[in-house]
Amino acid sequence: MAGNINELQDLLKRFKKPANYGVIDDANAVSEEADYSCGDKVKIYLKFENGKIVNAMFTSEACLFCNASASLITDLVKGKSIEEVSKLGESDILRVFKADHKSPRYRCIVLPLKALRKALKDLKEK
Amino acid sequence: MAFDPYEVREDFPILKKTVNGKSLVYFDNAATTQKPVQVVEAIKDYYYNYNSNVLRSINTLSSQATDLYIESRRKIARFIGAEEDEIIFNKNTTEGLNFLAENLAHRTWRSSVVTSIMEHHSNLLPWRRIVSEKGGKLTVVGMNDEFTINMEAVEKSLEEGCEILTVTHVSNVLGTSNPVKELSRLAHKHGSLFILDAAQSIPHIPFNVKEVDPDCMAFSGHKMLGPTGIGVLYVKRSMLEDMEPRELGGGMVKTVTSETQVYEDIPFRFEAGTPNIEGVVGLAAAVDYLSKTGLKNIAEHESKLVKHFLDGLDKSTIEVYGPRESDKYVGIVSFNFKGIHPHDVAQMLDADGIMIRSGALCAEPLVNALGVNAVARVSFYLYNVFEEVDRLHESLRRMKSFI
């Protein structure tokens with residue numbers, strides 16, 4: 001787990017203004033997830049064209065880990081098909097933070113993934 | 001007896017622990033407190049020397065365990081100024097408040113309930129459910145500029161026919177203390193019941209039910225040096241005599257025939273099944289410890305720690321939620337570091353060996369009313385010292401370079 005102060009400091013610098021933060025006005029799918037035990041909220045916007053996710057953005061009221069995770073996830077999904085994106089697992093994201101399901105920040109890190117899965121489900125149903 | 005926190009610390013082995021390479025600083029006392037050797041030893045002594053079921057068997061061991069159990073009940077009741085048959089043992093404050101909501105709904109449903117924005121979820125959700133199931137009205141009154149309950153709003157609700165006023169004594173988020181004597185007087189003047197969530201006050205300040213006069217009051221053992229899984233519900237005798245037990249079974253009946261039964265006297269009528277004997281014994285030891293130390297000493301010490309904490313904060317980076325005067329806090333302060341989420345603040349402090357709490361603190365409406373969705377919270381107790389607060393200041397100062 002990114003526990004030491006230097007790693008935290010790096011994360012903080014890197015994600016102070018996280019990439020992909022913002023709204024997609026003409027998104028095909030928007031989904032929100034919240035973790036009420038900690039107060040984090042994250043919303044994912046997906047723009048889908050010709051079988052591919054062409055743009056992904058997020059907005060949040062959340063901690064550094066949740067924001068960093070959302071930023072990475074929205075980067076990862078761009079240019080990919082729903083099928084490809086569906087393969088994205090918790091471990092792929094947790095690895096970046098040197099975390100696992102037992103880490104204290106597990107819930108913060110996987111929250112954007114939960115939002116993404118909800119958005120993908122919406123896209124499939126459309 | 002002079003109060004010396006360094007002497008107190010010797011009774012808490014966990015405080016010698018190292019966390020993330022640093023000596024432990026425990027500032028999450030509003031969540032749960034550490035346990036002194038005296039409490040752990042009392043539980044050990046019970047299991048090694050007296051373990052037996054209580055109030056049942058005719059044998060020496062059971063009789064000794066029963067004596068210990070009854071004596072523990074007496075101590076715990078006396079600690080809050082109650083009679084020993086006016087307290088019911090349960091698992092925690094949450095269970096106590098749920099019991100009250102369900103019990104009052106079961107017997108004589110009083111349709112108009114007033115609570116406040118300052119409540120822990122456990123003093124809001126049970127009432128909301130009862131009102132939605134049984135009908136009636138739930139009013140949530142707000143706060144004033146002093147971060148305590150809005151008394152005008154309370155009085156208005158009472159005038160409009162509130163029948164149950166249920167509020168927190170000390171806020172688990174803000175650390176501010178509501179004027180409980182005045183609330184009690186007002187409620188009774190208007191013929192309303194007065195229920196108190198005392199989870200954050202009983203461990204920290206002198207309290208006597210005879211002075212405050214609540215009709216019912218709930219608190220938890222683990223927030224006052226006792227073990228987890230033991231809570232206390234105080235109910236005035238006249239009211240308790242009238243209440244229906246919710247759980248039926250062993251230990252709560254005098255006689256049972258194939259057609260009917262006669263329930264036990266209070267409080268045993270409300271304690272079906274084998275009780276949490278070790279919890280009661282442990283809590284009695286905790287009460288002994290607190291009484292010996294003196295609640296007044298503890299309150300004064302925590303007040304000094306709060307002042308030291310507030311005085312040393314860099315106001316350009318830290319926003320404190322609560323009154324300006326440090327003597328308005330009962331050992332709890334919530335704050336935010338500008339530009340850093342409270343979870344990240346908590347984790348960075350954790351890396352320095354300092355344990356705090358962050359999030360919505362099981363009081364989401366209150367945290368939202370402060371204009372945020374999460375806060376960082378420090379909460380002190382009798383074993384905390386100034387040097388620990390200095391370490392917190394130093395860690396917070398270092399965080400400034402991160403943003």
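Buried, for a residue, means under 20% relative accessible area. The term recurs in the legends below, which describe a predicted model.

**View 1. Helix α5 of chain A and its buried residues.** Helix α5 covers residues 106-125 of chain A. Its 20 residues should span 28 Å at 1.5 Å a residue. The end C-alpha atoms lie 29 Å apart, which agrees. Many positions of α5(A) are buried, as the following names show. Tyr106(A), Cys108(A), Ile109(A), Val110(A) and Leu111(A) are among them. So are Pro112(A), Leu113(A), Ala115(A) and Leu116(A). Ala119(A), Leu120(A) and Leu123(A) are buried as well. In an α-helix there are 3.6 residues a turn, so residues three or four places apart point the same way.

**View 2. The interface of chain B and chain A.** On chain B, 14 residues are in contact with 21 residues of chain A. Together the two chains bury about 1500 Å². Carbon and sulfur atoms carry 55% of that area. Within chain B, the residues that lose the most area to chain A are Gln347(B), Asn373(B) and Phe402(B). These three account for 38% of what the chain B side buries.

**View 3. A salt bridge between the chains.** Asp344(B) and Arg105(A) meet through their side chains in a salt bridge. The N to O distance is 2.7 Å. One salt bridge is found across this interface. Six residue pairs are in polar contact there, with both residues at pLDDT 80 or more. Helix α12 of chain B, residues 342-351, supplies five residues to the side that touches chain A, the largest share. That side of chain B divides into seven nonpolar, five polar and two charged residues.

**View 4. A cis peptide bond in chain B.** Ile266(B) and Pro267(B) are joined by a cis peptide bond. Its omega is about 0°. Pro267(B) sits in the loop between β12 (261-263) and α10 (277-293) of chain B.

**View 5. Asn50(A), with a positive phi.** Asn50(A) is not a glycine, yet its phi is positive, about 45°. The residue lies in the loop between β2 (40-49) and β3 (52-61) of chain A. Asn50(A) counts as exposed because its relative accessibility is 80%, and the cut-off for exposed is over 50%.

**View 6. Leu225(B), with a positive phi.** Phi of Leu225(B) is near 75°, a positive value in a residue other than glycine. Leu225(B) belongs to the loop between β9 (216-220) and β10 (231-235) of chain B. With a relative accessible area of 0%, Leu225(B) is buried.

Note on methods. Residues numbered from 1 in each chain as written. Chains lettered and ligands numbered in written order. Predicted model: local features only at pLDDT ≥ 70, side-chain atom pairs only at ≥ 80, totals over all residues. Heavy atoms only, no water. Contact = heavy atoms within 4.5 Å. Buried area = accessible area lost by both parts, 1.4 Å probe. Salt bridge = Lys/Arg side-chain N within 4 Å of Asp/Glu carboxyl O. Polar contact = N/O pair within 3.5 Å; in protein donor to acceptor, adjacent residues only side chain to side chain. Helix = DSSP H or I, 4+ residues; strand = E, 2+ residues; numbered from the N terminus. Nonpolar A, V, L, I, M, F, W, Y, C, P; charged D, E, K, R; others polar. Expected span 1.5 Å × (residues − 1). Buried < 20%, exposed > 50% of the residue type's maximum accessible area, 1.4 Å probe, protein only.
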